[in-house]
Amino acid sequence: MQKKVVVFSQIDTEILEKLQARYQVVIINPKMGDVNEQMQRELVDADGMIGAGRVLNEKNLATAQKLKIISSVSVGYDNYDLSYLNQKKIWLSHTPHVLTETTADLAFTLLMSAARQVPNLDQWTKQGQWKRTVGTAQFGQDIFGKTLGIIGLGHIGAAVARRGFYGFNMNILYHNRREKIELVQPLNAQYRSLKDLLQQSDFVVVAVDLNADSKALIDANAFDLMQKHAVFVNISRGSVVDEQALTEALQQGKIFSAGLDVYQKEPLQVSPLFSLENVVTLPHVGSATAETRKKMANLAYQNLVDALEARTPRYLVNENFSN
Ligand code: DGY
């Protein structure tokens, strides 16, 4: 009998066609009524799931009888209840590596935009406010040769560090669970405690995974430690930062500006951040380029097919129990 796959978010059309050629495919569609009801109904006889951007836990997976794999089209997997998946022996796979450089590009885009007030000045110019030579209110911060502090030196954090070092002659500091000697030697990067990194950096980029240790890691105290001219960038997960403390730090000028791609609640539709000029807000687009999203979709497809055809997927997140 043909295997059944539930697609739980928009995915690349070519990949969807490849799936449809191989399996019975059901697409969860928010326009067709309650998403959780659709999922509960479709999961009863589903063998696999593929998608991204949806919280999946005991509550919405409960009806699954023979689910083998959830193939996430993302590198982050904080949306999934791993202990429940382990208990039910459902594999979870993800798509690392292919999005590293693109996400690091976006970190630098945010860093530079926030340092030089790019979106704000763009609006200011278009609104016809450029009546004479710009004044101090339009000034930004130098980037070249400054100190870049990276919290979380995984693949993406390291790619941000390389951009800072090779592209902008920056002095690189990092904070990580483990020191990464081989990785950082060519960049002359120095390990710092979180406190020292926050105090010494001109630019702070957060690139950690969200887990119990990193939740609200950047709180009001962290913003108090940063320099008044500091630029703060978050490309990891919104819940790593206390958003209210960040908003207050920006309102009170405790830091110069921030560049954000991620938020505590997504999609973000209303926020006090939206009325601030010193924050650049993007809608979680770290990996969102046509080429990278295609690579992610391909990898997720491959992980799914491997699992459904009795092979162990290459990029498993949870235990490799025989499935
Ligand atoms: C990821 O893959 O986890 C990125 O945040 C894009 O969603």
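The domain bounds used on this tour come from an automatic or database domain assignment. Keep in mind that you're looking at a predicted model.

**Stop 1: the two domains.** Colour residues 4-98 together with 291-308 as domain 1, then give 100-281 another colour as domain 2. Put a marker at the C-alpha centre of each, and you'll find the two markers 32 Å apart.

**Stop 2: where they touch.** Now select the residues at the boundary. Five residues of domain 1 are in contact with five of domain 2. Together the two domains bury about 500 Å² between them, and carbon and sulfur atoms account for 43% of that area. Which three residues supply the most on the domain 1 side? Show D78, H97 and T292: they provide 74% of the area that domain 1 buries against domain 2, more than any other three residues.

Stay on D78 and bring up R237 as sticks. Their side chains meet in a salt bridge, with 2.9 Å from N to O. The count of salt bridges between domain 1 and domain 2 is one. Switch on polar contacts too, and look for three residue pairs across the interface, both partners at pLDDT 80 or more. As for the make-up of the domain 1 side that touches domain 2, its residues divide into one nonpolar, three polar and one charged.

**Stop 3: N60.** Next, select N60 in helix α3, which covers residues 58-61. Is N60 buried or exposed? With a relative accessible area of 8%, N60 counts as buried because the cut-off for that is under 20%. Show its side chain and check what its polar atoms are doing. One polar atom of the N60 side chain lies 2.8 Å from the backbone oxygen of V55, and the backbone nitrogen of N57 is also 2.8 Å from a polar atom of that side chain. To see who else is around, leave out neighbours within four places in sequence: N60 is then in contact with N36, M39, Q40, L43 and V55.

**Stop 4: G152.** Finally, move to G152, in the loop between β6 (147-151) and α7 (155-168). This glycine is buried as well, because its relative accessibility of 4% is under the 20% cut-off. Draw a distance from the C-alpha of G152 to that of N176: the two residues are 24 apart along the chain, yet these atoms are separated by 4.9 Å. Then show what surrounds the glycine. Leaving aside neighbours within four places in sequence, G152 is in contact with G157, H175, N176, A207 and V208.

Note on methods: Residues numbered from 1 in each chain as written. Predicted model: local features only at pLDDT ≥ 70, side-chain atom pairs only at ≥ 80, totals over all residues. Heavy atoms only, no water. Contact = heavy atoms within 4.5 Å. Buried area = accessible area lost by both parts, 1.4 Å probe. Salt bridge = Lys/Arg side-chain N within 4 Å of Asp/Glu carboxyl O. Polar contact = N/O pair within 3.5 Å; in protein donor to acceptor, adjacent residues only side chain to side chain. Nonpolar A, V, L, I, M, F, W, Y, C, P; charged D, E, K, R; others polar. Helix = DSSP H or I, 4+ residues; strand = E, 2+ residues; numbered from the N terminus. Buried < 20%, exposed > 50% of the residue type's maximum accessible area, 1.4 Å probe, protein only.
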